[in-house]
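I opened this notebook to record what I looked up in one structure. The entries follow the order in which I looked.

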Amino acid sequence: MTEPRNGWQPERETDILAGTPPGGGLDRTARMLAAALQSNGVACKVVNVPGDGARRVWASVDARAGDPHVLCISSPNLTTDYLTGVAAFSHANYTPLAILYNEYIAFVTHANRSDSHFGSAGDLLKRLRTDTARVTVALSTAAGNPNHIALAQVILHVGGDVRAPVIRVFDSALDAVADVVAGNADVAAVTAASAVPELDAGTLRALAVSAPARLGGSYAQTPTWLECGVPCTLGAWRGVHGAQGLDAAQIAFWQQALAQATQAASWAPELARQSLSPMLVTGVALTAQLAQEQTEMAAMLAALGFRDKA
């Protein structure tokens with residue numbers, strides 16, 4: 001790795017914290033990042049701190065204020081959890097370093113249930129329009145997160161009641177997917193990569209994705225909501241925050257290291273394999289994007305009837 005002109009470098013192994021268990025969405029990001037950083041000569045390891053809808057991990061970051069040897073995988077949930085009152089902390093409590101990629105939301109259902117009413121996205125739209133209360137949806141981490149907002153956008157488009165579906169919230173997307181496989185929920189709205197193993201195994205079927213264009217891999221034949229006439233193109237980015245109190249030299253090192261990680265040989269193939277979309281944002285652009293996102297999310301949550309702090 002090229003040394004920044006300011007000269008600061010990690011003095012020991014860096015912990016990359018993930019708020020989900022091994023195999024969960026944030027864990028996948030952490031392991032992708034660790035492999036890319038290690039290939040560039042940065043010593044690091046993944047530490048899983050699951051619980052409380054991926055919010056427990058932030059207490060571990062709080063305990064290490066000023067420590068440049070801890071990175072935490074972040075997402076828009078830092079904003080939505082704060083706006084809905086689920087969490088008392090937001091991006092402002094930490095040091096935003098980078099957004100690494102974007103992950104669109106997949107709506108998936110059981111592939112083999114004889115009583116399934118959702119053979120296509122059109123079937124789901126019809127049920128959401130005519131009998132929204134009879135749809136049970138599995139989500140991960142918290143109500144009001146980007147997955148829930150995407151669901152609400154779809155419901156509003158067909159004229160349904162966004163408060164009517166039965167919502168089952170789990171600590172990770174792995175659990176939400178398992179809930180559909182077990183037959184407890186009709187549909188899961190989860191980040192696309194979270195359902196790939198079940199799609200490939202034939203236990204789940206994808207109905208639609210919230211991407212602006214079709215995804216590849218396991219979703220190559222899955223229509224977008226735009227193709228179905230629904231204006232829903234919401235994604236859930238994955239990024240990295242540091243602890244509070246990092247100095248300019250430490251921030252500069254990590255911004256450069258993270259940008260270089262996205263150029264590692266392993267990065268692009270892994271994004272493609274998991275149906276992820278490149279989205280590197282750092283520095284001033286990142287600060288501006290997070291501020292704009294908070295304003296937009298507050299407006300969406302208010303319009304959709306969720307409690308917010310705006």
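**Entry 1. Leu 234**

I asked whether Leu 234 is buried or exposed. The model is a predicted one, and in it Leu 234 has 14% relative accessibility, so Leu 234 counts as buried, the cut-off being under 20%. I then placed Leu 234 in the chain: it sits in the loop between strand S8 (204–209) and S9.

Next I looked up what surrounds Leu 234. Setting aside the neighbours within four places in sequence, I found Leu 234 in contact with Tyr 104, Ile 105, Pro 146, Ile 149, Ala 150, Gln 153 and Ser 210. For one of these, Tyr 104, I also noted the C-alpha separation from Leu 234: 6.6 Å, with the two residues 130 apart along the chain.

**Entry 2. The largest pocket**

Leu 234 came up again when I turned to the largest pocket, as one of the lining residues nearest the pocket's centre. The others nearest the centre are Gly 235, Glu 293, Glu 296 and Met 297, and the lining has 14 residues. I wrote down about 280 Å³ for the space in this pocket.

Which elements each supply at least two residues of the lining? They are S4, S9 and H10. H10 gives the largest share, six residues, and I went on to that helix.

**Entry 3. Helix H10**

H10 covers residues 283–303, which is 21 residues. From its first C-alpha to its last I have 31 Å, close to the 30 Å expected at 1.5 Å a residue.

I listed the buried residues of H10: Leu 286, Leu 290, Glu 293, Met 297, Ala 298 and Leu 301. These residues lie on the same side of H10, because they cover an arc of only 130° around the axis. A general point helps here: an α-helix has 3.6 residues a turn, so residues three or four places apart point the same way. On the other side of H10 I found Val 284, Thr 295 and Ala 303 exposed.

What do the buried residues of H10 pack against? I noted helix H3 (77–83), strand S4 (95–110), helix H5 (146–157), strand S9 (235–242) and strand S10 (277–282). Two of the buried residues, Glu 293 and Met 297, I had already met among those nearest the centre of the largest pocket. After H10 comes Gly 305, and its phi is positive, near 90°.

**Entry 4. The cavity**

I then searched the whole structure for cavities of 30 Å³ or more and found one. The volume of the largest cavity is about 250 Å³. Of the 23 residues that line it, Leu 26, Ala 54, Ser 75, Asn 77 and Thr 141 are closest to the centre.

Helix H1 (25–39), S3, H3 and S9 are the elements that give two or more residues to this lining. The largest share comes from H3, with three residues. H3 is also one of the elements against which the buried residues of H10 pack.

**Entry 5. Salt bridges**

How many salt bridges does a search of the whole structure find? The search gave 13. I looked at three pairs.

The first pair I took was Arg 12 and Asp 67, whose side chains meet at 3.3 Å, N to O. This pair links distant parts of the chain, 55 residues apart: Arg 12 is in the segment before strand S1 (14–18), and Asp 67 is in the loop between helix H2 (57–62) and strand S3 (70–74). Arg 12 is partly exposed at a relative accessible area of 47%, whereas Asp 67 is buried at 12%.

Next I took Asp 179 and Arg 168, with 2.7 Å from N to O. Asp 179 lies in helix H6 (residues 173–181) and Arg 168 in strand S6 (residues 166–170), so this salt bridge ties together parts eleven residues apart in sequence. Asp 179 is buried, with a relative accessible area of 4%, and Arg 168 is partly exposed at 31%.

The last pair I took was Glu 270 and Arg 273, at 2.6 Å, N to O. Both lie in helix H9 (residues 267–273), three residues apart, about one turn of the helix. Arg 273 counts as exposed, at 55% relative accessibility.

I closed with the network: salt bridges that share partners join Arg 12, Glu 13, Asp 15, Lys 45, Arg 64 and Asp 67 into one.

Technical notes. Residues are numbered from 1 along each chain as its sequence is written. This is a predicted model: local features need pLDDT of at least 70, side-chain atom pairs count only at pLDDT 80 or more; totals for chains, interfaces and linings use all residues. Side-chain values use heavy atoms; hydrogens and water are left out. A salt bridge is a side-chain nitrogen of Lys or Arg within 4 Å of a carboxyl oxygen of Asp or Glu. Helices (H or I, at least four residues) and strands (E, at least two) are DSSP runs, numbered from the N terminus. Buried means under 20% relative accessible area, exposed over 50%, partly exposed in between (1.4 Å probe, protein chains only). The expected span of a helix is 1.5 Å times one less than its number of residues. The arc is that of the directions from the helix axis to the C-beta atoms. Contact means heavy atoms within 4.5 Å. On a 1 Å grid over the protein atoms alone, a cavity is a set of points where a 1.4 Å probe fits but cannot get out, and a pocket is an open set with protein on both sides within 12 Å along at least five of seven lines; lining residues have an atom within 4 Å of a point. Grid points are joined across faces, edges and corners, and a volume is the space filled by probe spheres set on the points.
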